[in-house]
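Thanks, everyone, for making the time this morning. I would like to walk you slowly through one metal site and the ligand beside it, and please stop me if anything is unclear.

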Amino acid sequence: MYILAPSLLAADFTRLGEQISETQAAGAQYLHIDVMDGVFVPSISFGMPLIESIRPVSSQFFDVHLMIVHPEKYIEEFVRCGADGITFHLEAAKDPQSIIDKIHQCGAKVGISIKPGTALEEVFPYLEQIEMVLIMSVEPGFGGQAFIPGSYERIRRMREYIDTHGLNVKIEVDGGVGKKNVREVLNAGADVFVAGSGVFRKNSISDNISKFREAFEEGKQE
Ligand code: DX5
Ligand code: ZN
């Protein structure tokens, strides 16, 4: 099953609750929530109070993407505010194992994210214990950037590694994913598709999401 994860960063914040409900009604199973600290990435986005206030309006899986240093400090608080899954950056983790354990102890699913320049091999040792690996297809920090073409090969290689080792871990792809390239990203082997501009901009949310759903229903083309 393919999963759409609209990225809140591209929403109209004056109509946040309404727009979240629209994504849910249109079939988006996850809500992707980008937390930026101005240190790990240049920009600052939002944090716990926002997550806590939107939790009651959605039953989607809250997919919290932490682009912050010292992710270990904030795990309990994010889970308390409503995170269902927490993805941290391998580049920001001094002791990835202890972060994985802590997220699991708090009752949430674990994702590990890698930036476009980080070798896939660095995440291999952890794949057996985590639920999701997030392959960034742009440099983290801002919405609306163009998909880096080299990401297709990284998704394919990750898919191959996961399948040959019989692992049960989802591949999430984040950055520059839209109706134009969703099929290519899907064919490369992604399971979870993050889309900010692709969901919230230009056309209505439900029209945008229906394009993703068409691609998901067609499935993988050999
Ligand atoms: C970038 C964020 C993304 C971003 C995606 O650092 O992690 O989730 O919001 O936005 P689009 O889909 O517009 O590239
Ligand atoms: Zn993200």
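Let me begin with the geometry: the zinc ion, ligand 2, has 6 donor atoms around it, and because the angles they subtend run from 70 to 170 degrees, the arrangement is octahedral. For reference, the ideal angles for six octahedral donors are 90 or 180 degrees. I should say at once that this is a predicted model, so please hear every value as computed.

Which protein residues donate to the zinc ion? They are His 32 through NE2, Asp 34 through OD, His 65 through ND1 and Asp 174 through OD, and they lie 2.0 to 2.3 Å from the ion. Along the chain, these donors of the zinc ion follow the spacing H-x1-D-x30-H-x108-D. Within that pattern, Asp 34 belongs to strand E2, residues 30-36, and His 65 to strand E3, residues 61-67, so the pair ties together parts that are 31 residues apart in sequence. Both Asp 34 and His 65 are buried.

Asp 34 also brings us to ligand 1, which is surrounded by 20 residues, the closest being Asp 34, Gly 141, Asp 174, Gly 196 and Ser 197. Taking the contacts to oxygen atoms of ligand 1 in turn, a polar side-chain atom of Asp 34 lies at 2.8 Å, a polar backbone atom of Gly 141 at 2.7 Å, and a polar side-chain atom of Ser 197 at 2.5 Å. Taken alone, ligand 1 would expose 380 Å², and the protein buries 98% of that area.

Notes. Residues are numbered from 1 along each chain as its sequence is written. Chains are lettered from A and ligands numbered from 1 in the order in which they are written. This is a predicted model: local features need pLDDT of at least 70, side-chain atom pairs count only at pLDDT 80 or more; totals for chains, interfaces and linings use all residues. Side-chain values use heavy atoms; hydrogens and water are left out. Donors are N, O and S atoms within 2.8 Å of the metal (3.2 Å for Na, K and Ca); water is not among the atoms, so sites may look incomplete. Four donors count as tetrahedral if all angles lie between 85 and 135 degrees; four count as square planar and six as octahedral if opposite donors are over 155 degrees apart and all others between 65 and 115; anything else is irregular. Helices (H or I, at least four residues) and strands (E, at least two) are DSSP runs, numbered from the N terminus. Buried means under 20% relative accessible area, exposed over 50%, partly exposed in between (1.4 Å probe, protein chains only). A residue is near a molecule or strand if one of its heavy atoms lies within 4 Å of it. A polar contact is a pair of N or O atoms within 3.5 Å; within protein, one must be able to donate a hydrogen and the other to accept it, and residues adjacent in sequence count only if both atoms are side-chain atoms. Accessible areas come from the Shrake-Rupley method with a 1.4 Å probe; for residues, only the protein chains shown count as cover.
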